[in-house]
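Biologist: Could you take one part of this model and look at it closely for me? I'd like to hear about the packing on the inside, and then whatever you can say about the surroundings.

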Amino acid sequence: MTGYEGKRVVITGGTSGIGLATAKALIAGGARVLVTGRTPTSLENARAALGPGAIVESSDAVSDIDSLVDRAAAEFDAVDLLVLNAGGTVSSTVDETSEAEYDKLFELNTKAPFFTLQKFVPLMPVGSAVVLTTSVSNTKGIATTSVYSATKAALRSMTRTFARELIDRGIRVNAVSPGPIDTGILERTMSAEAARQFLDQIKATNPMQRFGEPDEVAKAIIFLGFDATYTTGTELLVDGGASDL
Ligand SMILES: NC(=O)c1ccc[n+]([C@@H]2O[C@H](COP(=O)([O-])OP(=O)(O)OC[C@H]3O[C@@H](n4cnc5c(N)ncnc54)[C@H](OP(=O)(O)O)[C@@H]3O)[C@@H](O)[C@H]2O)c1
C-alpha cells in the first residue's frame, strides 16, 4: 500500500488487533502514526511490530485524553486521520450485569471517543477525517451483549451527528462496523469454553463461513479515512455479509 506519505494519523487502541493492523498498513504506505494502548505487553508488541518510525504511547483511553492531544500536537502539529478504535466488551446477561460494569463500558466505548474527538478537532485541518470503530452488533439483539451493543449503537448515532456538525470545517466522520474478527478479543473477555462455543457458532452461521482478519478491517478504515472523499456520516460493515445475507 502506498499513497499516504506524510499523513499524520492517531489510532486509539492501536497496539493490537484491528488498530495495529491499520497502523502497519498506514506506515507501509508512508504515513506517520501514533498508536495508544495501556498494557506493557501490548505496548511492547506494538513497538516490535511497528518499528522505530511509529510513536507508541501508553495512554488510557478514558483518563489520558488531554495528554494524548498534547503529545499528538507536539509530534505532528495537525492530524489528518483520527481513528477512535479503543474499546472493550463485557459478556453478561441483563440479570448478571452490574452497574459498575455498565458504567465502565460506556465510559470506554462511548464517552471516551466522544471527548477524544472533541479535543482533537482543533488539530484537524480541512480535508481530514475521523473513523470510529463500532460493531455490527449495534443493530442486533445478541444475548449477553446488551451493554456492549448499546455502547456501539450510541457511537453509530454520534457518527451521524459529528459528521453533520463538522462538515462545514471540512472534516469527514464515518464508522467501521466489524463483524467477527479474529483478534483474540473473545478469548480475552469470555471463559475459554464460552469463547469456543461462540467461535464455532459464528463459523457455522457466517455467510463466508469464517472470521474476518484484522487486515480486512484496516482496509475499510483506511478507505474511509483517506479515499472515500464523498462519504460522511455513514457506516461500512466488514462482516462477511452477515448483516445483509
Ligand atoms: N474483534 C472483533 O470481532 C470486533 C468486532 C466488532 C467490533 N470490534 C471493535 O473493534 C475495536 C478493536 O477491537 P480488537 O478486536 O482489535 O481488540 P483488541 O485486539 O483487544 O485491541 C483493543 C485495543 O484497545 C486498547 N484498549 C482497550 N482498552 C483501553 C483503554 N482503556 N485505554 C487505552 N487503550 C485501550 C488495547 O490496548 P491494551 O491491550 O493495552 O489494553 C488494544 O490496543 C474495539 O472497539 C472493538 O469493540 C471488534
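Modeller: A quick bit of vocabulary: helices (H or I, at least four residues) and strands (E, at least two) are DSSP runs, numbered from the N terminus. Keep in mind that this is a predicted model, where local features need pLDDT of at least 70 and side-chain atom pairs need 80 or more, though totals for chains, interfaces and linings take in all residues. Residues are numbered from 1 along each chain as its sequence is written, and side-chain values use heavy atoms, without hydrogens or water.

Let's get going with Ala-31, which sits in the loop between H1 and S2. Ala-31 counts as buried because its relative accessible area is 9% (buried is under 20%, exposed over 50%, partly exposed in between, with a 1.4 Å probe and protein chains only). Setting aside residues up to four places away in sequence, Ala-31 touches Tyr-4, Gly-6, Lys-7, Val-9 and Leu-26 (contact is heavy atoms within 4.5 Å). For a sense of scale, go from Ala-31 to Glu-57: that is 26 residues in sequence and 17 Å in space, C-alpha to C-alpha.

Pick up Val-9 from that list, and you have a way into the largest nonpolar core. A core here is a set of buried Ala, Val, Leu, Ile, Met, Phe, Trp, Tyr and Cys residues joined through side-chain atoms within 4.5 Å. Of the 30 residues in this one, Val-9, Leu-26, Val-33, Leu-50, Leu-81 and Val-176 touch the most other members. Two or more residues each come from strand S1 (8–12), helix H1 (17–28), strand S2 (32–37), helix H2 (40–50), strand S4 (81–84), strand S5 (129–133) and helix H8 (214–227). The biggest giver is H8, with 6 residues. In soluble globular proteins, nonpolar side chains tend to be buried together.

What does Val-9 have around it, leaving aside neighbours within four places in sequence? Val-9 is in contact with Leu-26, Ala-31, Arg-32, Val-33, Leu-34, Phe-76, Leu-81 and Phe-226. There's also a second, separate core of 25 residues, with Ile-55, Val-79, Phe-120 and Met-158 among them.

Now for a couple of backbone oddities. Asp-77 falls in the loop between helix H3 (65–76) and S4. Asp-77 has a positive phi of about 70° despite not being a glycine, and Asp-77 is exposed, at 62% relative accessible area. Gln-209, in the loop between helix H7 (192–205) and H8, is another non-glycine with a positive phi, near 60°.

Helix H4 (residues 99–120) is worth a stop, as the home of Thr-116 and of Glu-99. Thr-116 is buried, with 4% relative accessible area. Not counting neighbours within four places in sequence, Thr-116 is in contact with Thr-12, Ala-61, Ile-65, Leu-82 and Leu-84. Glu-99, by contrast, is exposed at 64%. The C-alpha atoms of Glu-99 and Ala-23 are 34 Å apart, with their positions 76 residues apart along the chain.

Over in strand S6 (residues 172–178) you'll find Ser-177. Ser-177 is buried, with a relative accessible area of 0%. Leaving out neighbours within four places in sequence, Ser-177 is in contact with Thr-134, Ser-135, Val-136, Asn-138, Glu-235, Leu-236, Leu-237 and Val-238. With Glu-235 there is also a side-chain polar contact of 2.5 Å (a pair of N or O atoms within 3.5 Å; within protein, one able to donate a hydrogen and the other to accept it, and sequence-adjacent residues count only if both atoms are side-chain atoms).

For something less enclosed, try Phe-198 in helix H7. Phe-198 is partly exposed at 24% relative accessible area, and beyond four places in sequence it touches Leu-186 and Met-190. Phe-198 and Ala-242 are 15 Å apart, C-alpha to C-alpha, and 44 residues apart in sequence.

Last stop, the ligand. It is surrounded by 29 residues, the closest being Thr-15, Thr-39, Ser-42, Thr-183 and Arg-188 (a residue is near if one of its heavy atoms lies within 4 Å). A polar side-chain atom of Ser-42 lies 2.6 Å from a ligand oxygen, and a backbone N or O atom of Ile-18 lies 2.8 Å from a ligand oxygen. For Tyr-148, a side-chain N or O atom is 2.9 Å from an oxygen atom of the ligand. The elements giving two or more residues to the shell are H1, helix H5 (146–166) and helix H6 (185–189).
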